[in-house]
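Welcome, and please open your viewer with side chains shown as sticks. We will go from ring to ring, one selection at a time.

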Amino acid sequence: MAGDSRVLMDHNMEIGVTPAQVKKLPKHLREAQISTERTHLISDPARKPRQRYVQKDGKCNVHHGNVQETYRYLSDLFTTLVDLRWRLSLFIFTLVYIVNWLFFGFLWWLIALIRGDLVHGDEEDWTPCVENLNSFVSAFLFSIETETTIGYGYRVITEKCPEGIILLLVQAILGSIVNAMMVGCMFVKISQPKNRAETLMFSHKAVISVRDNKMCLMFRVGDLRNSHIVEASIRAKLIRSQQTKEGEFIPLNQTDINIGFDTGDDRLFLVSPLIISHEINEKSPFWSMSLAQMEKEEFEIVVILEGMVEATGMTCQARSSYLDTEVLWGYRFTPVLSLEKGFYEVDYNNFHDVYETNTPTCSAKEMAAKFRDEPLLPQLSLLSPTEPKTQTFDPLDRLSKPDPLNQDEDKEDRESGGDRGETNGSAAALEELPLADGLPD
């Protein structure tokens, strides 16, 4: 019986019949299910990946095409050679020396050819311009020996060749210029502080949460080396296309993001990882953006960290960026600094970690308006787990209905004169503040 079932199943598989126990799921069940839970990630799962303006490693994703005035690169030849890739730099370095040696070798061979040294060089009574120079190869070797000052002693210029003496001076001067330029390019290229930026870290994500009753955009930076970045400063740019009121479309418009320029917080003492905070206030481009509105926006935040390398004194710049999909709403960074015995320890395993926190989904503008209308509610929620009843006093009611218990004291104050005028004025101002039950004295 079992054998018959197995034969029947094999026969069905051969003719393409689906076994009865294997049912094809409906289309809506076969498709990937999208979670209906509210997420704090400012992104749409169905949104296509966008092109970055600045890569995470700091490279600018911009290519210059159709440049007609290419002569401008030659006007700054030194910078052009320094900016080339290593393979091209090494190729040009080798090519310049070989061409230089071949050129002067050809001139030495040409002098020997014109003077007849190649024909009469073997004669005893003949004085050549360069002794033992009888072919182009020997002229090329003499050119290398002259420019590199090797001086084997086998080939030597004679005093009866004025044109050779002049060529020797020209080759010595031009050779020194070529050496200075090429060695200088290689030295500057090797000592460039670009590799120093590899040990400067930026957090993978940026977060938005509340700090001191203010909505803030935050990201974290850190330095892995013990040699510090001197005079470190940081700035941020918002890259977003916009359209003006006149209808002009501005692609990739750059807007400054204030991260402490007016207060000096942008100047960093980068000994341990720091959380850079941007307060979302009236001047912030995120002032009117709520969670729902920011999910529809497409932008990129470019952060730039600059400073001098302590070991070399050269300026170093590290860059990174955060797309709108890399900004987490309602999160904070996990602490990485701990106090050990005699020192502070940084745990870089938690450098990129974040944790969720309660954050309103409204915009910073709406949250500030709520705080202005209800200034005591955040304090009351922190003082007691249950909502205490608030009691507010209208200053107009206090003025219209004086307290009978304080009438005698007010009378004595009026009789005492103006000595206590300032104190009474301060007390009156304090009485006009709104009060609530459960607040500490």
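Start by selecting K189 and W86: the charged end of K189 sits over the ring of W86, 5.3 Å from the ring's centre. Keep in mind as you look around that this is a predicted model.

For a second charge over a ring, select R220 together with F351. Here R220 lies over the face of F351, and the distance to the ring centre is 5.4 Å.

Now for rings meeting rings. How many aromatic pairs does the structure hold? There are nine. Select F93 and Y97, one of these pairs: their ring centres are 5.1 Å apart and their planes stand at 65 degrees, which is over 60, so the pair counts as edge-to-face. Colour helix α5 (residues 86-115) and you will find both F93 and Y97 in it, four residues apart, or about one turn of the helix.

Are these two buried or exposed? F93 counts as partly exposed because its relative accessibility is 24%, while Y97, at 12%, counts as buried.

Next, jump to F286 and F299, an edge-to-face aromatic pair with 5.7 Å from centre to centre and 65 degrees between the planes. Trace the backbone around them: F286 is in the loop between β7 (274-279) and α9 (291-296), and F299 is in the loop between α9 and β8 (300-309), so this pair ties together parts that are 13 residues apart in sequence. Switch on a surface if you like; both F286 and F299 are buried.

For the last stop, return to F93 and Y97 and add W101 to the selection: these three residues form one aromatic cluster.

Note on methods. Residues numbered from 1 in each chain as written. Predicted model: local features only at pLDDT ≥ 70, side-chain atom pairs only at ≥ 80, totals over all residues. Heavy atoms only, no water. Phe/Tyr/Trp six-rings, centres within 6.5 Å; stacked < 30°, edge-to-face > 60°. Helix = DSSP H or I, 4+ residues; strand = E, 2+ residues; numbered from the N terminus. Buried < 20%, exposed > 50% of the residue type's maximum accessible area, 1.4 Å probe, protein only. Lys NZ or Arg CZ within 6 Å of the ring centre and 35° of its normal.
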